[in-house]
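Subject: The structure I promised you

Hi,

Here is the structure we talked about, with the sequence alongside. Have a look at it first, then read on for what turned up.

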Amino acid sequence: MSNVEEFRAEIRSWLRSHLTGEFAALRGRGGPGREHEAHAERLAWERHMAAEGWTCVGWPKEYGGRGASLEQQVAFHEEYALADAPARVGHIGEQLLGPTLIAFGTPEQRERFLPPIVAVEELWCQGYSEPDAGSDLANVRTRAERDGGQWVVTGQKIWTSQAHESDWCFVVARTEPGSVRHQGLSYLLVPLRGPGVDIRPIVQLTGTSEFNEVFFDGARTDAANVVGAPGDGWKVAMATLGFERGVSTLGQQVGFRRELEAVIDLARHNGAAADPLIRDRIARAWIGLETIRFNALRMLGGFAAGAPGPEASIGKIFWATWHRELGELAMDVCGAGGMLAAGEPYDLTDWQRLYLFSRSDTIYAGSNEIQRNIIAERVLGLPKEVRP
């Protein structure tokens, strides 16, 4: 048995043994559009995972991880999803900030911030998008100024996932007055529990509020809490986005497959499968999901070689569009009954929630329009779009 197979068997056995008792009811809870579900209980589950050594498995051992290989990390995320284990609450700290600090942080930053991420004692959110700088991240206007031994942050972030549950935020802010676009940005670690921070949840189509507006009005953080050199934030921020599209995407696709199989089962039982157009769309969805998986494996191969190729740019636009179309397919399979709420006042079925929340897939983490520009300009080498 290979190391990967042994590792896969170990995590599968552990999940089978521990997703029991008080944690058994958490199977399938949480996730996009459902982050409000059993948050405290999922946090307790994740801290249990930490106590057993199952958080941050891909981090080097000296930083509290298991030093798992890329293949072992893929196995972990796949087995976690196959077990229908609850959605992770510490994902942003573990998968985005942690690897960023390991790559760019100072020894003092790693010592201060990595252990609480491993132990799930501090939760993080991502302060990138702004009202006038969503997918166009280089248009950031939030500013930070040095005041002695601190940075003073003023501005607004929006669509900040789970900010209302987070302790800290990594913020892209403009620290060089008069700078434009990619220049003069810094990557700051800002506490959310102190003065000068106002977090306002945004009610979404689903009736839930996992996205937030975050207002900084003279919020302060220590001068040492800048990752990389001041003014070098664009490079660090782009590295974080690369980590965001890493091995956890394989686990995401297990969830996608489960959703697709449920749609197929529904079509078989309610007669929708008799419609040749529905059958054709189901077949296309299955083919699309296989394509997404193989593209993700190519992308991870590029990461292992140290230079991810075009598949890294293709991946996000592909899965986001596929998932949005799956939501549309699910509603068509449901038929007219899919337009009726499950209960008062706005109790949605799983299919309705999938349809409504998946509309955001093609917007967050870089809209489809921006992704097409990236592919055109950076991958295909086409002339750049005319910008003012």
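Leaving aside neighbours within four places in sequence, which residues is Thr 175 in contact with? Before the answer, please keep in mind that this is a predicted model.

Thr 175 is in the loop that runs between strand S4 (168-174) and strand S5 (185-191). With those sequence neighbours left out, Thr 175 is in contact with Ala 144, Trp 151, Gly 184, Leu 185, Ser 186 and Gly 231. One of these partners, Ser 186, also has a polar contact with Thr 175: their side chains are joined at 2.6 Å. Thr 175 has a relative accessible area of 14%, and the cut-off for buried is under 20%, so Thr 175 counts as buried.

Next, the strand just before that loop. Seven of the seven residues of S4 are buried, so the rest of the structure largely encloses this strand. In a regular strand, side chains alternate between the two faces of the sheet. You can see two sets here: Trp 168, Phe 170, Val 172 and Arg 174 point one way from S4, while Cys 169, Val 171 and Ala 173 point the other way. Both sets are buried.

Which way do the partners of S4 run? S4 pairs with strand S1 (residues 124-127) in the parallel sense, over four bridges, and Gly 127 sits opposite Val 171. S4 and S5 run antiparallel and are joined by seven bridges. There, Ala 173 stands opposite Ser 186, the residue whose side chain makes the polar contact with Thr 175.

There is more strand pairing further along. Strand S7 (residues 212-222) pairs with strand S3 (residues 150-157) over eight bridges, in the antiparallel sense; Val 152 has Arg 220 as its bridge partner in S7. S7 is also joined to strand S6 (residues 197-201) by five bridges, again antiparallel. In that pairing, Asp 198 has Phe 215 as its partner.

The loop between S5 and S6 holds Leu 192. Its relative accessible area is 6%, so Leu 192 is buried. Not counting residues up to four places away in sequence, Leu 192 touches Cys 125, Ala 163, Ser 166, Asp 167, Trp 168, Cys 169, Val 197, Ile 199 and Phe 216. If you want a distance to try on screen, the C-alpha atoms of Leu 192 and Arg 293 are separated by 37 Å, and these two residues are 101 apart along the chain.

Now for the helices. Helix H4 (residues 91-104) has 14 residues, which should span 20 Å at 1.5 Å a residue; the C-alpha atoms at its ends are 19 Å apart, so the two values agree. H4 does bend, by about 35° at Leu 97, and a proline, Pro 99, follows within four residues. Eleven of the 14 residues are buried, so H4 is largely enclosed by the rest of the structure. Among them are Ile 92, Gly 93, Leu 97 and Pro 99.

Helix H3 (residues 70-82) gives a similar check: 13 residues at 1.5 Å each should span 18 Å, and the end C-alpha atoms are 18 Å apart, which agrees. Ten of the 13 residues of H3 are buried, so this helix is mostly covered too. The buried ones include Phe 76, His 77 and Tyr 80. Just after H3 comes Asp 84, with a positive phi of about 60°.

What about the inside? In soluble globular proteins, nonpolar side chains tend to be buried together. Here the largest nonpolar core has 27 residues, and those with the most contacts inside it are Leu 97, Trp 124, Tyr 128, Phe 170, Tyr 187 and Leu 189. At least two residues of this core come from each of H4, helix H5 (107-118), S4, S5 and helix H6 (233-244). H4 gives the largest share, five residues. Trp 124 is a good one to click on: leaving aside neighbours within four places in sequence, its contacts include Leu 97, Phe 113, Ile 117, Phe 170 and Leu 189. There is also a second, separate core of 20 residues, including Ile 282, Ile 292, Trp 319 and Val 333.

Finally, H6 holds Ala 239, which counts as buried at 19% relative accessibility.

Cheers

Methods. Residues are numbered from 1 along each chain as its sequence is written. This is a predicted model: local features need pLDDT of at least 70, side-chain atom pairs count only at pLDDT 80 or more; totals for chains, interfaces and linings use all residues. Side-chain values use heavy atoms; hydrogens and water are left out. The expected span of a helix is 1.5 Å times one less than its number of residues. The bend at a residue is the angle between axes fitted to the seven residues ending there and the seven starting there. Buried means under 20% relative accessible area, exposed over 50%, partly exposed in between (1.4 Å probe, protein chains only). A polar contact is a pair of N or O atoms within 3.5 Å; within protein, one must be able to donate a hydrogen and the other to accept it, and residues adjacent in sequence count only if both atoms are side-chain atoms. Contact means heavy atoms within 4.5 Å. Two strands pair if DSSP finds at least two bridges between them. A nonpolar core is a set of buried Ala, Val, Leu, Ile, Met, Phe, Trp, Tyr and Cys residues joined through side-chain atoms within 4.5 Å.
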